[in-house]
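Me: Please take a close look at one loop residue in this model, then work outward to the parts you can describe around the chain. Plain wording is enough, with each term explained once.

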Amino acid sequence: MPHHPLGAVVCALVAALLFAVAAVAQQRAAAAVPEEQSLVGALVRSPRWWAGIGGDAGGYAMQVAALALGAVLLVQPILVSALVFALPLSARLNGRRVGARSWAAALALVGALVCFLLVGNPSEGDSTAPLRDWVVPLAILLGAVGGAVVLALGTADGGRRALLFGAAGGALYGLAAALTSYVTDLFEHGLGHVLGSWQTWALIASGLLGVYFQQRAFQAGTLTASLPAITIAEPLAAAFLGLTVLDENLRTNGFGVVITAIAVLVMCATAIQLSRAQAAA
């Protein structure tokens with residue numbers, strides 16, 4: 001499919017909106033489950049959680065469309081804007097107002113995102129990278145995910161456990177995003193090619209594990225720790241794979257690199273602030 005950056009941006013923004021609705025619903029459902037109770041069993045009986053899953057499904061469908069039209073480095077940072085949508089929604093559902101500092105952070109996030117896209121100008125890559133190109137980056141990413149899970153299981157601190165599970169889930173979502181474009185292209189060649197590709201099963205596994213770790217993070221109750229970790233880990237993991245495996249890059253140099261780096265730092269800082277504000281709402 002030919003690349004259309006503007007179409008990718010529009011689809012990614014719609015995906016961000018749907019992911020925001022889903023996150024608010026799932027947070028409220030998972031946080032209500034006591035630690036001693038079965039998380040999966042409680043969630044499958046929750047209509048609110050299923051509504052969130054519906055939002056996630058719609059968001060992922062739009063993300064697939066966005067990735068078909070543009071690069072991972074273009075699409076994934078835009079999904080951070082889900083925080084801008086989720087903050088007022090969460091506040092409204094809880095009968096609270098969004099403060100001036102939160103709105104300022106939202107505007108700063110949007111400005112940094114626009115700066116990243118315009119100055120960084122992410123390029124399209126090659127989604128058909130062979131397995132040998134995946135081995136080392138994938139081992140690094142999965143090693144980091146495994147380490148986070150082991151540390152999460154070994155700590156009794158709820159906030160730290162939420163942060164670590166959230167980071168693991170977010171990183172797996174980033175992996176799923178990096179695999180999505182290749183897998184969707186396989187459907188042009190028939191179901192046999194789809195089922196016979198290791199990328200398909202890696203996509204399914206990373207998506208399911210990502211959802212599970214995300215719910216574990218929400219269950220810990222400290223959303224001010226879990227949500228920033230999920231939000232930041234996903235685009236960082238996707239960008240890492242885009243740069244190291246998919247041959248994507250930022251079409252800028254010199255002063256533009258400095259501006260792009262500053263924009264990324266601002267995006268991370270404002271995402272953390274908005275995540276904490278959403279959790280408080």
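Reply: D247 sits in the loop between α11 (223-244) and α12 (255-280); helices here are DSSP runs of H or I with at least four residues, strands are E runs of at least two, and both are numbered from the N terminus. The model is predicted, so local features need pLDDT of at least 70 and side-chain atom pairs count only at pLDDT 80 or more, while totals for chains, interfaces and linings use all residues. Residues are numbered from 1 along each chain as its sequence is written, and side-chain values use heavy atoms, with hydrogens and water left out.

D247 is not a glycine, yet its phi is positive, about 60 degrees. Most residues other than glycine have a negative phi. D247 counts as exposed because its relative accessibility is 56% (exposed is over 50%, buried under 20%, partly exposed in between, with a 1.4 Å probe and protein chains only).

Another loop residue is E188, between α8 and α9. E188 has 61% relative accessibility and therefore counts as exposed. The C-alpha atoms of E188 and T260 are 36 Å apart, with their positions 72 residues apart along the chain.

Helix α8 (residues 158-186) packs with helix α7 (residues 131-153) at about 155 degrees, and their axes are 8 Å apart. That angle makes α7 roughly antiparallel to α8. Axes are lines fitted to C-alpha atoms over the stretch in contact, and angles between N-to-C directions run from 0 to 180 degrees; under 35 is roughly parallel, over 145 roughly antiparallel, 65 to 115 roughly perpendicular, and the rest oblique. The crossing of α7 and α8 is left-handed, meaning that the near helix is turned anticlockwise from the far one by less than a right angle.

Helix α10 holds both L203 and L208. L203 is buried, because its relative accessibility is 12%, and its C-alpha atom is 7.0 Å from that of T180, 23 residues away along the chain. L208 is exposed, because its relative accessible area is 61%.

L208 also joins F187, L191, L195, W201 and I204 in a nonpolar surface patch of about 660 Å². Two elements give two or more residues to the patch, α9 (191-195) and α10 (198-219). The most come from α10, with 3 residues. Patch residues have over 30% relative accessible area and no salt bridge, with nonpolar side chains (Val, Leu, Ile, Met, Phe, Trp, Tyr) joined within 5 Å and like charges within 9 Å. Areas follow the Shrake-Rupley method with a 1.4 Å probe, and for residues only the protein chains shown count as cover; a salt bridge puts a side-chain nitrogen of Lys or Arg within 4 Å of a carboxyl oxygen of Asp or Glu.
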